[in-house]
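Colleague: I should like to learn how to read a model of this kind. May we begin with contacts and then turn to the sheet and the helices?

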Amino acid sequence: MDYQNTLNYLYNSTPMFQQVGGKAYKEGLENTLILDEHFGNPHRTFRSLHVAGTNGKGSCSHTLAAILQQAGYRVGLYTSPHLIDFRERIRVNGHPIPEEYVIHFVEKERAFFEPLHPSFFELTTAMAFRYFADQQIDVAVIEVGLGGRLDCTNIIRPDACIITNISFDHTMFLGNTLAQIAGEKAGIIKSGIPVVIGETTPETKPIFSQKAQEVNAPIYFAEENNCDDYPDIEFELKGLYQKNNKRTILTVLPLLKKAGYCLNEQAVRNGFAHVTELTGLMGRWQKLQDSPTLICDTGHNVGGITYIAEQLKQQTYRHLHIIIGMVNDKDIRGVLALLPKDATYYFTKASVKRALSESELKALAASVGLKGECYPDVPSAVRDAQEKSLPDDFIFVGGSSFIVADLLANRNALNLH
């Protein structure tokens, strides 16, 4: 098989959350433990950090990896979902896993894993850990896929755990209250391992404190940290929500030093200042065009869109154009209610099965006073917005990671940088 056929096999023979949503979610670690044993427990060959949370875990994971790389470590980075290519999920020092490795892994191991019927995420987690061990990395930054307690990344014994924040997402698996969701995320807290909590609410803080106390894990709340170790530190990521991520990361760093990591000030400053170049991070308040300005962001739930709506208010422009699409298992009304009423909307859908149709989205948006037209795909919506915009207008593209993925996959055809 070539690379594309290998990916088609992976996507079609193992249920993939990115495509089908809930049907791909497998509760429990049984398959993960069988796969891990088969591959020789590769996660035991490297140190690790474990990052969970509703929003911000991708930015925090990439930034921590950038800092560790600048400090001279060989760093594995495991994140999801990917935006353009599957290989983005598994990186060493910013470089994606080679196509040949993916092909060889699937061909060599098919006979073993097919009878197990693993989910896509179970299989790619096993692939990532085996690849990191083969690459003899020093440390891996591992982002939780969904939840925490039953997530298949939760077999690692990391040097630190990070839970960025809790808001409503994936409620059908994680619970309908912030306290229930926090309980699932708190499942990554482990005996004796320090945990940093990025943001809390009155509902979530006691959940984290209680779990940490139960397993005797030192707990640190980033909100209580003044973070004055690195005055005037420059963070390349400009989303409003990155202020919270920055504080979370700055709370983690002293714990890593305590655990024996050598992180000098220059490494920390360089990591913060060059995240995208060092790790390949995309889609976080990312500017793709000037005059008119075009920004995309992967924020896709009420927690993420709250910050985006606030940041849009802070921009200066003649007129605002918003290209939006969503998937059908989100709080769509909740998101739409947060968006500005005075923008022109371009309702579209991403090229995934879970995408809500543009006409349904338009109807829901009309009920909260948002007006615009429908487009069958992201490129046609962007082209129309570009044609209708004057140089001092502002175009925002988002609502779903998959909308941003379709935008980035077509950036050359759309003359975006």
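Modeller: Contact means that heavy atoms lie within 4.5 Å. Please bear in mind that this is a predicted model.

Colleague: Which residues does Thr164 touch, not counting residues up to four places away in sequence?

Modeller: Thr164 touches Val51, Ala52, Gly53, Thr54, Asn55, Gly56, Lys57, Cys60, Gly198 and Glu199. Thr164 is placed in the loop between strand E6 (160–163) and helix H7 (171–174).

Colleague: Is Thr164 buried or exposed?

Modeller: Buried means under 20% relative accessible area. Thr164 has 2% relative accessibility and therefore counts as buried.

Colleague: In what order do the strands of the open sheet lie?

Modeller: The 8 strands follow the order E4-E3-E2-E5-E1-E6-E7-E8, with mixed pairing. Strands E4 (95–96) and E8 (219–221) are at the edges with a single partner strand each, so one side of each has no neighbour in the sheet. Strand E1 (residues 47–52) runs parallel to E6, joined to it by 4 bridges. In this region, Val51 is opposite Ile162 of E6.

Colleague: Which strands does helix H4 lie across?

Modeller: Helix H4 (residues 57–70) lies across E1, E2 (75–78), E5 (139–143) and E6, and runs at about 170° to E5.

Colleague: How should one read the faces of a helix?

Modeller: An α-helix has 3.6 residues a turn, so residues three or four places apart point the same way. In H10, the buried residues include Asn245, Thr248, Val252 and Leu255. Helix H10 (residues 242–258) reaches 25 Å from its first C-alpha to its last, close to the expected 24 Å. Gly260, which follows H10, has a positive phi near 105°.

Terms used: Residues numbered from 1 in each chain as written. Predicted model: local features only at pLDDT ≥ 70, side-chain atom pairs only at ≥ 80, totals over all residues. Heavy atoms only, no water. Helix = DSSP H or I, 4+ residues; strand = E, 2+ residues; numbered from the N terminus. Expected span 1.5 Å × (residues − 1). Buried < 20%, exposed > 50% of the residue type's maximum accessible area, 1.4 Å probe, protein only. Pairing = 2+ DSSP bridges. Axes fitted to C-alpha atoms, helices over the stretch in contact; angles between N-to-C directions.
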